[in-house]
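Me: I've got a model open and I'd like to learn how to read it. Could you walk me through it?

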Amino acid sequence: MREFVYHPPTFRQKLDAALAETRLRLINISRYPGQLVMEIIIPLVFASMPMLLGRATAGADAAANFEANTGTTNYVAYMLIGANIFTIVTSAFWHVAYWLRFEQETGTLESIYLTPTSSVTLLSGVALHSAIRGVGSALIAYFIGCLIYRVNPLQGDVLIALLFILVGLIPLYSLTLLFGAVVLKVKESNALINLMQWVVSFLMGIFFPIAILPKVVQLIALAFPPTWMINGVRSALLGVGFFFGEWYLDLAVLWTFLLITPYVGMWVFRRVENNLRRNEGMGQF
Amino acid sequence: MSKHLSVFAAMVHKEFLIMLRYPIEFVASFFQVFLIIIIITLAGLMFSSEGVGAEAPPEVGGVVAYGFVLFIYLSDTLWGIGFNVRREQKQGTLEQLYLSPASKFASLASRVVITLFWTGLLSLGSLLVMSLLLGGLPLQNGGLGLYLLLMSLSGTFGMGFAFAALTLRIKEAAQTAVNMLQFGFMVLCAPFFPFAALPPAILAISRLIPLSYGVDSFRSTLMGYPEGFPELAPIGTEIIIVTLFGLLMPPLGVWLYRWAEDDARRRGTLSEY
Amino acid sequence: MKGQVIVENLKKIYLSKQRTGLFQSRTTEVEALKGVSLEIKAGEIFGLLGPNGAGKTTLIKCLTTLLLPTSGAAWINGYKLTEEDNAIRASVGCMLMGERGLYWKLTGRENLDFFGALYHLPAGERRRRSSEIIQRLHLEEIADRAVESYSSGQKMKLAFAKALINDAPILILDEPTNTLDVPSARELREIVQTLNQEGKTIIYTTHIMLEAEILCERVAIIDRGEVIAQGAVVDLKQSLGREKVIRLEGVISESALRAVEQLPGINRAALAMLNGHNQLTVVTAEESNLLPRLIETLTQHQALLQRITPEEVTLEDVFIAHTGRTLADNTSLQ
């Protein structure tokens, strides 16, 4: 019999495993085409609600009133950006926070924990899938929305807007991972995630600037990376104003989040993971 | 009759117990509704000349608040029934229910009763939150408003059975169908904005849906018919449409459900998922 | 030979929470493994036997790193448990939770490819391994269909295929023939034997003693978290101190009897008349290879055999002797 000696995976092998996880999820969702269409329709309908309401009630003054309250006349793009970043946030919550739970429910969690691929690698694959799906459908919905409501989707600094989205993704996933660790210990994870996505949407100012919220709530809101993400995109495209006046200062805050939150997220996650292994086991819930 | 009532009471009791076993879901659904309503209201206020803290024009508050109340009520009756069938089907308890001599309708209706009670509380809470945010809501013609709400509910109850019939047929795709219908309803029946906001082509489709008249007449009546409301037809016509919808839809829905159920039993797909 | 899997005094204690009221709960300790020690040699099929709830799966889950043991130590393929977990995972191919460990929306081949990637196999190697395993297990017809359309037995087979994807030196199979029909179970056992002949060490858990007797060279019988007996199947049976009895019926002559008495390993032999024909009763302490030699000797002496009834000691008897219970009794710890 030949000797079997274990060699720790190279970066390339880890990347390969992460991409396999991404591929698995993308193949999986491609078998639910209706769901994919919904992911584009939901933000469109969601953004339309306040827009139609505003148009109908404020009539010809809609744009002017909106500018006085938010800093831009382009309420269509403003609402579409809000609803689409909501898509990215929801996508992160459902894909990352619910990831282990989902595997637990389908019974595949133990299967993947039997392999030498670490949960960090798997998680990167899951996050990549979530990013492709969330950002992909958000961009498509944004462009369709702009087409329907006849506004220019590419005004302002598009590259800076994209930068805010990309830099904001990792802290967002770290946040959802942290939440996912909590969810793993609770039976009614569905309800909690549902609630959490609305809390974050509210705090990040999905359809309004957070300046209208009470000071304490504003401070809490600023602790969430999506708040910086959404304001960064709106400021870059629509000029509503960065929190610190300049785009690079706001982006620096997101970078800080990016450097800190993954460690916090992973630390909490590992603790819960070990706790589960010490007790009832990963497959139980 | 008393036997039927006791079965019904037992079912309501069971549903209530199940609800209590999920305390987080219970609390989360409550907060979620408030968050949604605050988000939409704040968004609406971004279009008012004085922003947040200003007295909003009564139409904004009325349209959103009453539209929302009707929306969550309709969600209960319309999707609630279909989802319950689906849940039983997934848990494998659907066949069990059929094995007991108790009426299947009692089982479905018991859930709706529980959720309607819960939604009543949610509606009152939501209206209170909106009153605080907007500085009061118009409230007139309460009796007629209640009648229109009940008729709309009765109609959607019937639609719920029709939807449950569809659930028995399409199984997993039901979730997507629900989402599609729900969002279709959110646009076409305009629960969160006046019909005037819809482009003429879409408005033409809205006019073909009886529920649109339910939404329009309910909120116009409670707002005391301000200038331009009701938007789709004179109130008398709307009341007749809503009444007919409320009376005819339930028997039609039940008939459809029975048909789908018999079909499922014939094909042996009752417990399949 | 040094053991490929060594387990030393492994203990596992769960904390089990029981609700006693709306906001009250009581935590109790459940000792699922009470100091298990084992040594499994390279290249053998080792059976872990015991009734449902005996602690077999807990032991397997500890050895496959899914659960952290409370105390004790274990080495798998020379790697220390809890310290070199990834090396252990790479050394083991595992079929643990039956058909539930698969992605049902994916095809069989996609499942194998995915798990291959998680074992860090390069893409080409994954494809080659997947095709090879699919062929070996005769899964060609269903390999490109979504798993959800498989029958229960087909899913079990694919779960078995998944355990082979990393070509690990150690295979851990937890009740792999559960839910399989008789021919499929037989086919799976044959494949297990072939894999063993190819050099794989196999840990096979089952509550079906006959299955263990067919497959395993050595077994450990677990009950209520403890190893109550361990060793070679033959030794375990002999440890009961019972002699084996074989009854042969037909036309058997005195000379045939005398020839049988001369055979090595025969303790006693007796011939009797029964319903117009002879019955030869042979009492032996030896387990293996006796029956063929016996038949050969008798036929050489012109005996006409009509019926052979061996009365063997089974592993079930061993279990009964140690516990006073049959395997059908559920000894669940919960």
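**Reading the interfaces and the backbone**

Reply: Let's begin with who touches whom: 44 residues of chain C are in contact with 43 residues of chain A. Keep in mind that this is a predicted model.

Me: Beyond counting residues, how much area is buried between chain C and chain A, and what share do carbon and sulfur atoms give?

Reply: About 3,800 Å² is buried between the two, with 55% of it from carbon and sulfur atoms. On the chain C side, L66(C), K105(C) and H120(C) together account for 19% of the buried area, more than any other three residues.

Me: How many salt bridges does the rule find across the interface of chain C and chain A?

Reply: For a salt bridge, look for a side-chain nitrogen of Lys or Arg within 4 Å of a carboxyl oxygen of Asp or Glu. Across the interface of chain C and chain A there are 5 salt bridges by that rule. One to click on is D16(A) with R126(C), where the closest N and O atoms are 3.0 Å apart. There are also 15 residue pairs in polar contact across this interface, with both residues at pLDDT 80 or more.

Me: Which elements of chain C supply residues to that side, and how do the residues divide by class?

Reply: β1 (3-19), α2 (85-91), α3 (108-118) and α4 (123-136) of chain C each bring at least two residues to the side that touches chain A. By class, that side of chain C has 23 nonpolar, 10 polar and 11 charged residues.

Me: Now the other pair. How many residues are in contact between chain A and chain B, and how much area do they bury?

Reply: Here 39 residues of chain A are in contact with 38 residues of chain B. The two chains bury about 3,300 Å² between them, and 83% of that is on carbon and sulfur atoms. M49(A), L53(A) and E188(A) supply 20% of the area that chain A buries against chain B, more than any other three residues.

Me: What do the polar counts look like between chain A and chain B?

Reply: The rule finds 0 salt bridges across this interface. Polar contacts come to 3 residue pairs, both residues at pLDDT 80 or more. On the side of chain A that touches chain B, α2 (33-58), α3 (62-70), α4 (75-97) and α9 (189-204) of chain A each supply at least two residues. The largest share, 16 residues, comes from α2(A). Sorted by class, that side of chain A has 29 nonpolar, 9 polar and 1 charged residues.

Me: Switching to the backbone, what should I look out for?

Reply: Most residues other than glycine have a negative phi, and most peptide bonds are trans. With that in mind, try D167(C): phi is near 50 degrees, a positive value in a residue other than glycine. You'll find D167(C) in the loop between α5 (152-164) and β7 (170-174) of chain C. Over in chain B, the peptide bond from F229(B) to P230(B) is cis, with omega near -10 degrees. P230(B) sits in the loop between α9 (210-223) and α10 (235-267) of chain B.

Me: And how do β4 and β5 of chain C run, and how many bridges join them?

Reply: Strands β4 (residues 71-76) and β5 (residues 79-80) of chain C run antiparallel, joined by 2 bridges. W75(C) has K80(C) in β5(C) as its bridge partner. The two strands form a hairpin with 2 residues between them, and N77(C) in the turn has a positive phi of about 55 degrees.

Me: Which domains does the assignment give for chain C?

Reply: It gives domain 1 (3-238) and domain 2 (244-311) of chain C. Taken over C-alpha atoms, the centres of these two domains of chain C are 42 Å apart.

Methods: Residues numbered from 1 in each chain as written. Chains lettered and ligands numbered in written order. Predicted model: local features only at pLDDT ≥ 70, side-chain atom pairs only at ≥ 80, totals over all residues. Heavy atoms only, no water. Contact = heavy atoms within 4.5 Å. Buried area = accessible area lost by both parts, 1.4 Å probe. Polar contact = N/O pair within 3.5 Å; in protein donor to acceptor, adjacent residues only side chain to side chain. Helix = DSSP H or I, 4+ residues; strand = E, 2+ residues; numbered from the N terminus. Nonpolar A, V, L, I, M, F, W, Y, C, P; charged D, E, K, R; others polar. Pairing = 2+ DSSP bridges. Domains from an automatic or database assignment.
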